[in-house]
Amino acid sequence: QNQCGGSLGGPLTISGLYSGHNWTFFFGSFEGSRLTRGLTRQTVVATAQERAGDFSFLSRPIVDPLTGQPFPGNVIPADRLSPAALRLLELMPLPNITGTAARQNNFVSSPSQDTNFDQYMGRIDHTINDKWNVFYRHFLQDNYSFNPFQGSGPANYLGFPSESESRTQHGTLALNTVLSGTFLNELRVGFASNDSVSQNLPLLDPLDFGINYVRRQETAGGLGLPDITINGLSGIGNTIQGPSTNPAHEWQISNVLSKAMGRHYFKVGGEMRRGVDDFDLGFFFVGRFVFNGTYTGDAFADFLLGRAIEFNHATGRTQLEMRNQNFGAFVQDDIKLRDNFTLSLGVRYDYYSPIIDERGETSTFVVRQPHTGAPQSGEAEVIIAGSNGLPENSTYFPDRNNIQPRVGFAWDVFGTGRLAIR
């Protein structure tokens, strides 16, 4: 693991052009991290004998699904082996652990997993005059991770890694204005974003391996080979979990007015936020074949014959275009009842719009009849966004009663500043 960083700040001065002493100041920092971890994984891969269709080492018979009788000598004829299966097996390594019993862990690998990030932060403050000052702050972090295995993927050997990258950033622009000796305005404009991409590699086309499965290869950032699960052995291909892309953004503007009047200090303000989240998830779009021995009595023999018991995949839309808008306003009065006792009274109101899908293709369910305890006594129905009286493109009603009163106090018990109760 390696970690480094640094920071620098001071008045902004450009020799011969600009002197920011007492007017303009900057601050910046950087932090980087590189973390590498070793992994060790054991699994079962097919031997050269098995790949040739020779299962004579097994005591149970390998049944020919065409005749219902065992293959002579438990050997599948070469002309019966699936060309797609043989091509796929080129991606599976041969055993590297000797002396193991049949169908026991016979392959080990010890790769590395990487987790890195680079983080940057910068701020600049500028005093325009004795009544106006402004600052801008920006934060950015780039993240990268590499896993030699795909978590829930079928392949437990090298060759099918996962990789993810993301960039998180947010910025704030603030303008403070002294309107008078007792009147202050604070304006803030900000944004935040997180753009991430997660991929399962490599992006191989199943058609190149003789698998007749046509789909959009570019779905959700790119698909690879289907998840080929072989019970009892390591499989081949990419996991059904992902890939995904997720660009999420939020913008915010707020303003607060403050006014001092005798023993009162009034504040009134509000904010508006808008969020956009275009999440794209290719869950199950890569497809999955399952071989479990239903046809021959052995899962790998089923695979060699191209006899999957199950194939499932997703079709249709992968992207959600989620939108939301939030508004808030407040008023507050800090009353200095005594020199050592301040009472705070205020109220805030927030409105959170329903999170909607721009295309209106999300759904929810409603209970038409509650369950009474008897089997199948309940009744529910799936309804589409915007139907059954719901707001347009929404699956629920907005919450309009978020009124939040607030009461507080600050008491300097002895008036010395050494003991306070809030």
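The following legends describe close-up views of a predicted model.

**View 1. A nonpolar patch on the surface.** Seven side chains are not shown in isolation here but as one nonpolar surface patch of about 540 Å², made by Ile-124, Tyr-136, Leu-173, Val-189, Ile-253, Met-272 and Phe-327. One of these residues, Phe-327, belongs to strand S16, which covers residues 319-338. Phe-327 has a relative accessible area of 35% and is therefore classed as partly exposed, since the partly exposed class lies between the buried limit of under 20% and the exposed limit of over 50%.

**View 2. Thr-294 and its surroundings.** Thr-294 is placed in the loop that connects strand S14 (288-291) with helix H3 (299-305), and with a relative accessibility of 47% this threonine counts as partly exposed. The side chain of Thr-294 makes a polar contact of 2.6 Å with the side chain of Asn-292. When neighbours within four places in sequence are left aside, the residues in contact with Thr-294 are Asp-302 and Ile-309. Pro-398 lies 104 residues from Thr-294 along the chain, and the C-alpha atoms of the two are separated by 52 Å.

**View 3. Two cis peptide bonds that lead into prolines.** Most peptide bonds are trans, whereas the bond that joins Leu-201 and Pro-202 is cis, with an omega of about -5°. Pro-202 is found in the loop between strand S10 (183-200) and strand S11 (227-230). A cis peptide bond also runs from Gly-242 to Pro-243, where omega is near 10°, and Pro-243 is located in the loop between S11 and strand S12 (244-261).

**View 4. Asn-74, a buried loop residue with positive phi.** Most residues other than glycine have a negative phi. Asn-74, although not a glycine, has a positive phi of about 60°, and this asparagine lies in the loop between helix H1 (48-51) and helix H2 (83-89). Because its relative accessible area is 9%, which falls under the 20% limit, Asn-74 is classed as buried.

**View 5. Ala-220, in the loop between S10 and S11.** Ala-220 has a phi near 50°, a positive value in a residue other than glycine. The loop that holds Ala-220 is the one between S10 and S11, and Pro-202 of the cis bond with Leu-201 is likewise found between these strands. At a relative accessibility of 4%, Ala-220 counts as buried.

Note on methods
Residues are numbered from 1 along each chain as its sequence is written. This is a predicted model: local features need pLDDT of at least 70, side-chain atom pairs count only at pLDDT 80 or more; totals for chains, interfaces and linings use all residues. Side-chain values use heavy atoms; hydrogens and water are left out. Patches are made of residues with over 30% relative accessible area and no salt bridge: like charges are joined within 9 Å, nonpolar side chains (Val, Leu, Ile, Met, Phe, Trp, Tyr) within 5 Å. Accessible areas come from the Shrake-Rupley method with a 1.4 Å probe; for residues, only the protein chains shown count as cover. A salt bridge is a side-chain nitrogen of Lys or Arg within 4 Å of a carboxyl oxygen of Asp or Glu. Helices (H or I, at least four residues) and strands (E, at least two) are DSSP runs, numbered from the N terminus. Buried means under 20% relative accessible area, exposed over 50%, partly exposed in between (1.4 Å probe, protein chains only). Contact means heavy atoms within 4.5 Å. A polar contact is a pair of N or O atoms within 3.5 Å; within protein, one must be able to donate a hydrogen and the other to accept it, and residues adjacent in sequence count only if both atoms are side-chain atoms.
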